[in-house]
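Trainee: Could we go through this model together? I'd like to practise reasoning from the coordinates.

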Amino acid sequence: MRPTLVIMVKEPRPGRVKTRLGQDIGLTNSAWWFRHQTQALLRRIEDPRWDTVLAVAPDREGLNSRVWPAHLTRVAQGRGDLGQRMSRILRGLSNGPLCIIGADIPGITRPCIAEAFKALSNHEAVFGPAPDGGYWLIGMKRARPPRADILTNVRWSSKYALADSAHSLGNVSIANVATLRDVDTADDLKHL
């Protein structure tokens with residue numbers, strides 16, 4: 001089966017996206033940064049080796065948005081915390097290798113994504129760790145739909161997010177790929 005890469009995006013409106021970054025640089029500047037970062041990311045990682053899908057929020061506005069490229073398939077993220085939304089994506093799309101990434105990681109490249117899909121040939125799940133204890137990528141082989149309770153009881157936005165997420169997957173083989181930094185604050189921008 002052809003692998004699928006899902007990129008989680010929000011409409012780049014001030015006060016709706018990158019609000020922690022917005023506290024440091026202003027909400028309009030953080031929304032502008034996210035929009036341009038996402039557009040650059042999409043140019044860098046679209047590849048004929050995998051299907052690229054946008055998981056959009058808010059649902060109705062994101063599905064009809066003219067901000068994102070019209071040629072990309074879109075699915076609604078739906079309600080719930082990050083774990084509920086990612087779990088729904090992992091369970092809802094057709095079986096086969098699937099990786100989910102955020103759009104706020106400037107270091108993502110095609111080789112990073114290819115490495116994650118390659119890891120799924122020998123493992124049931126893959127994570128791309130972040131230095132803060134979270135992760136920039138989660139992927140699953142999905143020979144069959146994952147359990148409904150994956151990604152529950154995760155302490156999001158903490159140093160435990162990756163460990164809690166891995167634990168929630170149960171007894172599966174997990175690979176880790178490159179560690180990349182996301183951008184949540186002005187200090188994160190300084191590291192670019």
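Trainee: How far apart are the mean positions of the positive and negative charges of the chain?

Mentor: Happy to help, and keep in mind that this is a predicted model. The chain carries 27 positive and 18 negative charges. Averaging the places of each set gives two mean positions, and their separation is 4 Å.

Trainee: Which pattern do the helices and strands follow along the sequence?

Mentor: There are 7 helices and 7 strands to place. Read along the sequence, they give β-α-α-β-α-β-α-β-α-β-β-α-β-α.

Trainee: What is the radius of gyration of the chain, and how does it relate to the globule rule?

Mentor: For 192 residues the globule rule gives 16 Å. The chain comes close to that, so it is as compact as a globular protein of that length. Its radius of gyration is 16 Å.

Trainee: What kind of aromatic pair do Phe 34 and Trp 68 form?

Mentor: The structure holds 4 aromatic pairs, this one among them. The ring centres of Phe 34 and Trp 68 are 6.5 Å apart. Their planes stand at 90°, and over 60 degrees counts as edge-to-face. The pair is therefore edge-to-face.

Trainee: Is Trp 68 buried or exposed?

Mentor: Trp 68 sits in the loop between helix 3 (59-63) and strand 3 (73-76). Its relative accessibility is 2%, and the cut-off for burial is under 20%. Trp 68 therefore counts as buried.

Methods. Residues numbered from 1 in each chain as written. Predicted model: local features only at pLDDT ≥ 70, side-chain atom pairs only at ≥ 80, totals over all residues. Heavy atoms only, no water. Helix = DSSP H or I, 4+ residues; strand = E, 2+ residues; numbered from the N terminus. Rg over C-alpha atoms; globule rule 2.2 N^0.38 Å. Lys, Arg positive; Asp, Glu negative; His and termini not counted. Charge placed at Lys NZ, Arg CZ, Asp CG, Glu CD. Phe/Tyr/Trp six-rings, centres within 6.5 Å; stacked < 30°, edge-to-face > 60°. Buried < 20%, exposed > 50% of the residue type's maximum accessible area, 1.4 Å probe, protein only.
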